[in-house]
Amino acid sequence: MMSKRGASVGLNLMVVLYIAMPSMATVYTVGDSSGWTLGVDYASWSSSKSFILGDSLVFNYGSGHTVDEVSQKDYTACTIGNPINTDNKGSTTILLQTPGTHFFICGVIGHCATGMKLSVNVLPSAGSTSSTTNSTSSTTGCPPTTFPTPSTATPLTIPDYVASSGCLSSFYGALVVIFVTLNCLIFVQL
């Protein structure tokens, strides 16, 4: 039988591991070393990347530029003056919090028309695919995570709605279930 101290150490270790696990989010520097400026092919830059919920875009730029998040219509026509969000501080970080296509332009007259514009398709999870450029799919692409319970042969399934932001959330949800189950088993035996 496990001692109270052993149980406490084991539970504390599980909590520390759960909290310390690294995030799978990626921070992308827009334009890499060139940054957010004129003369960069942002369509090529973004086409080689896969953006998922929780990723961040970092725009680094000098004075005389802005980062404007805009509608698809304003992006296509390079219409300035109607941003959803705007910033001109020289370094702007955008957290990608919703799936679908996000559109960014420089709000300085003439800059968007000369190519200073970026669109990124944000997927709900790393394994997802999108059939349209403006997808807002709510599926995660992850199968439900199933674990056998210690007391029965009936499996415990973590449904996809628990994993609303992707496979990583399913993993964290499963860890919580394991932690709670082990916690209950250890304290019942004490």
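## Strand S4 and its surroundings in a predicted model

Of the 190 residues in the protein, 33% count as buried. The model described here is predicted. Its exposed area is about 11000 Å², of which carbon and sulfur atoms supply 60%.

### Overall architecture

Four helices and ten strands make up the secondary structure of the protein. Read from the N terminus, these elements follow the pattern α-β-α-β-β-β-α-β-β-β-β-β-β-α. Among contacts in the protein with a separation of 6 or more, 65% involve residues 24 or more positions apart.

### The five-stranded sheet

Five strands form an open sheet in the order S2-S8-S7-S4-S5, and the pairing is mixed. Its edge strands are S2 (51-52) and S5 (85-87), each of which pairs on one side only. In general, strands of a sheet pair through backbone hydrogen bonds, in either a parallel or an antiparallel sense. The table lists three of the pairings in this sheet.

| Strand pair | Sense | Bridges |
|---|---|---|
| S7 and S8 | antiparallel | six bridges |
| S4 and S7 | antiparallel | three bridges |
| S4 and S5 | antiparallel | three bridges |

Strand S7 spans residues 100-105, and strand S8 covers residues 117-123. Individual bridges show the register of these pairings. Asp68 has Thr86 as its bridge partner in S5, and Asp68 also stands opposite Ile105 in S7. Ile105, in turn, has Lys117 of S8 as its bridge partner.

### Strand S4 and residue Glu69

Strand S4 comprises residues 67-70 and includes Glu69. In a regular strand, side chains alternate between the two faces of the sheet. Both faces of S4 are covered: Val67 and Glu69 are buried on one side, and Asp68 and Val70 are buried on the other.

Why does Glu69 count as buried? The relative accessibility of Glu69 is 14%, and Glu69 is therefore classed as buried, because the cut-off for that class is under 20% relative accessible area.

Leaving aside residues up to four places away in sequence, Glu69 touches Pro83, Ile84, Asn85, His102, Phe103 and Phe104. Of these contacts, Asn85 falls within the range of edge strand S5 (85-87), while His102, Phe103 and Phe104 fall within strand S7 (residues 100-105). Glu69 can also be placed relative to Lys117: the two residues are 48 residues apart along the chain, and their C-alpha atoms are separated by 9.8 Å. Lys117 is the residue of S8 that bridges to Ile105.

How values were computed
Residues are numbered from 1 along each chain as its sequence is written. This is a predicted model: local features need pLDDT of at least 70, side-chain atom pairs count only at pLDDT 80 or more; totals for chains, interfaces and linings use all residues. Side-chain values use heavy atoms; hydrogens and water are left out. Helices (H or I, at least four residues) and strands (E, at least two) are DSSP runs, numbered from the N terminus. Buried means under 20% relative accessible area, exposed over 50%, partly exposed in between (1.4 Å probe, protein chains only). Contact means heavy atoms within 4.5 Å. Accessible areas come from the Shrake-Rupley method with a 1.4 Å probe; for residues, only the protein chains shown count as cover. Two strands pair if DSSP finds at least two bridges between them.
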